[in-house]
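Below are my notes on the model you sent, as numbered points. They cover the sheets, the buried elements, the cysteines and the salt bridges.

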Amino acid sequence: MAAHLLAHEVADLCLGKPPLRSLAVSATIGEALASLKSCEENCISVWDCDHFKNVDCICVGKICMVDIICFLCKKENVNSPSLALKSPVTALLPKDSVLVRHVQPSTSLLEAIDLILQGAQNLVVPIETRFSGSSRRKLLQKSSSTRGCTLHNGREFCWLTQEDVIRYFLSSIGLFSPLPTASIDALGIISTEFLSIGYHSSASLATEAISRSLVDQTSVAIVDEDGALIGEISPFTLACCGETVAAAITTLTTGELLAYIDCGGPPEDIVRVVKVRLKERNLEGMLEEFEIDPSDISSTSSLSDEELPSPTSSRSSGGRYNKSSSYSARMVRRAEAIVCYPGSSLVAVMVQAIAHRVNYVWVIQEDCSVVGIVTFANMLQVFRDQLESMMLGHFD
């Protein structure tokens, strides 16, 4: 069984994947923002590539909307977002990062898992496509002149992600029996170290944690005074809001931000609060950049307790996190955390995470207190160990 699984190469997991849209390493953050808005992908690859020289193209990183949001929230950028958007896109790329790694189509599944466990978020895999000489020249010319091109020295590439590998294991989950039915607590894959912020804290204090969660592919828990889970600030949710959410993070409390991002669009009363506070802090540049009309300012710069979302609104009257709503689609309650319990089975948590397109699930107790978080990386480690054990058993 293990031999059958390990016989697969990364190319097998990339079948049907679309080619990566890309951005030149010389681009500005503003150009990266425009590219992200013009495509459906959550992130765009950044390449160091010269199409007219015989030099290998290298993907040096990836950019998503949350990278830009966090950059705009920095103290040195809040006064002049327009100037910040003129900065080179390299300002968003972490130094000495292993988040993106190049691999060959023939790379084994086990090697791919090891790279992911070493910190890689995305594996860059060349798509095997053959071009004639004339077709290749035409494609190169088109690639060199088109923003968001997909070709690099006549080749197209795709991502392989943690989710892709988890989906692959889920499709063959029966081969790992009885592992899938074991609880996440028994497997020891609950991480007790996680990012969190208080419900009444300033949302701007979460900026660094949001950046960290993007690297870790997790989220920031919003908790009350008792440590109960109220909601989350996830990179996925913020990306859906666009770059204008930087103004909300800069001016609102965490509870207010939760209401801002929680539904299909920010409530008008909270938008007015954002405008007021930007005006009060003389952040005219942010008002202008995000096309917020300074004349549309109310005389109130705070929300009443009745207007704020209740810290217990995500829980039932008995104090327990509402299980039915926690499994609901994020497009309905985008800031609502996806939760499970220590006794939840591995396969149940896998399905839950994949269904909601997240790389993690929060683990809570019956009283809603946060136990920890389970990530795809935690799950992959378990499958990696199981595969190794199966292989040793095969050779014994």
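1. Two strands are taken as paired if DSSP finds at least two bridges between them. The model is a predicted one, and the points on pairing below should be read with that in mind. Strand S11 (residues 339-340) meets that condition with S12, since two bridges join the two, which run parallel. Cys340 has Val363 of S12 as its bridge partner. Val339 stands opposite Trp362, also in S12.

2. The link between these two strands is a β-α-β crossover: the chain leaves S11, passes through helix H17 (residues 346-355) and enters S12, and the crossover is right-handed.

3. On its other pairing, S12 is joined by five bridges to strand S13 (residues 370-375), and these two run antiparallel. One bridge partner pair here is Val361 with Val374 of S13. The hairpin of S12 and S13 has five residues between the strands, and Cys368 in that hairpin takes a positive phi near 75°. Cys368 has 0% relative accessibility and so counts as buried.

4. Taken together, S11, S12 and S13 form an open sheet of three strands in the order S11-S12-S13, with mixed pairing. S11 and S13 are the edge strands; each has a single partner strand, so one side of each lacks a neighbour in the sheet. Helix H17 packs on this sheet and touches S11, S12 and S13, its direction making about 125° with that of S12.

5. How many residues of strand S12 (residues 360-364) are buried? Five of the five are, so the strand is largely enclosed by the rest of the structure. Tyr360, Trp362 and Ile364 point one way from S12, while Val361 and Val363 point the other way, and all are buried.

6. A second open sheet deserves its own point. Its three strands have the order S8-S9-S10, with mixed pairing. Strand S8 (195-198) and strand S10 (229-233) are at the edges with a single partner strand each, so one side of each has no neighbour in the sheet. From one strand to the next the twist averages 35°. Helix H13 (residues 254-261) packs on the sheet, where it touches S8, S9 and S10, and its direction makes about 70° with that of S10.

7. Within that sheet, strand S9 (residues 220-223) pairs with S10 in the antiparallel sense over four bridges. Val220 stands opposite Ile233 in S10.

8. Helix H4 (residues 65-72) is another buried element. Eight of its eight residues are buried, so the rest of the structure largely encloses this helix. Its buried residues include Asp67 and Cys70, alongside Met65, Val66, Ile68, Ile69, Phe71 and Leu72.

9. On the cysteines, a search of the whole structure finds zero disulfides. Cys241 is in no disulfide, and the nearest cysteine sulfur, that of Cys240, lies 6.7 Å away.

10. The structure holds nine salt bridges. In one of them the side chains of Asp164 and Lys17 meet at 3.0 Å, N to O. This pair links distant parts of the chain, 147 residues apart: Asp164 is in helix H8 (residues 162-171), and Lys17 is in the loop between helix H2 (10-13) and strand S1 (22-24). Asp164 counts as buried at 16% relative accessibility, whereas Lys17 counts as partly exposed at 22%.

11. Lys37 and Glu243 also meet through their side chains in a salt bridge (2.8 Å, N to O). Lys37 lies in helix H3 (residues 29-37) and Glu243 in the loop between helix H11 (235-241) and helix H12 (245-251), so the pair ties together parts 206 residues apart in sequence. Is each partner buried or exposed? Lys37 is exposed, with a relative accessible area of 52%, while Glu243 counts as buried at 12% relative accessibility.

12. Asp114 forms a salt bridge with Arg384, and their closest N and O atoms are 2.8 Å apart. Asp114 lies in helix H6 (residues 109-117) and Arg384 in helix H18 (residues 376-395), so this pair ties together parts 270 residues apart in sequence. Salt bridges with shared partners join Asp114, Arg384 and Glu388 into one network. Asp114 is partly exposed, with a relative accessible area of 25%, and Arg384 is buried, with a relative accessible area of 14%.

Methods
Residues are numbered from 1 along each chain as its sequence is written. This is a predicted model: local features need pLDDT of at least 70, side-chain atom pairs count only at pLDDT 80 or more; totals for chains, interfaces and linings use all residues. Side-chain values use heavy atoms; hydrogens and water are left out. Axes are lines fitted to C-alpha atoms, for helices over the stretch in contact, and angles run from 0 to 180 degrees between N-to-C directions. Contact means heavy atoms within 4.5 Å. Buried means under 20% relative accessible area, exposed over 50%, partly exposed in between (1.4 Å probe, protein chains only). A crossover is right-handed if, with the strands pointing away from the viewer, the path from the first strand over the helix to the second runs clockwise. A disulfide is a pair of cysteine sulfur atoms within 2.5 Å. A salt bridge is a side-chain nitrogen of Lys or Arg within 4 Å of a carboxyl oxygen of Asp or Glu.
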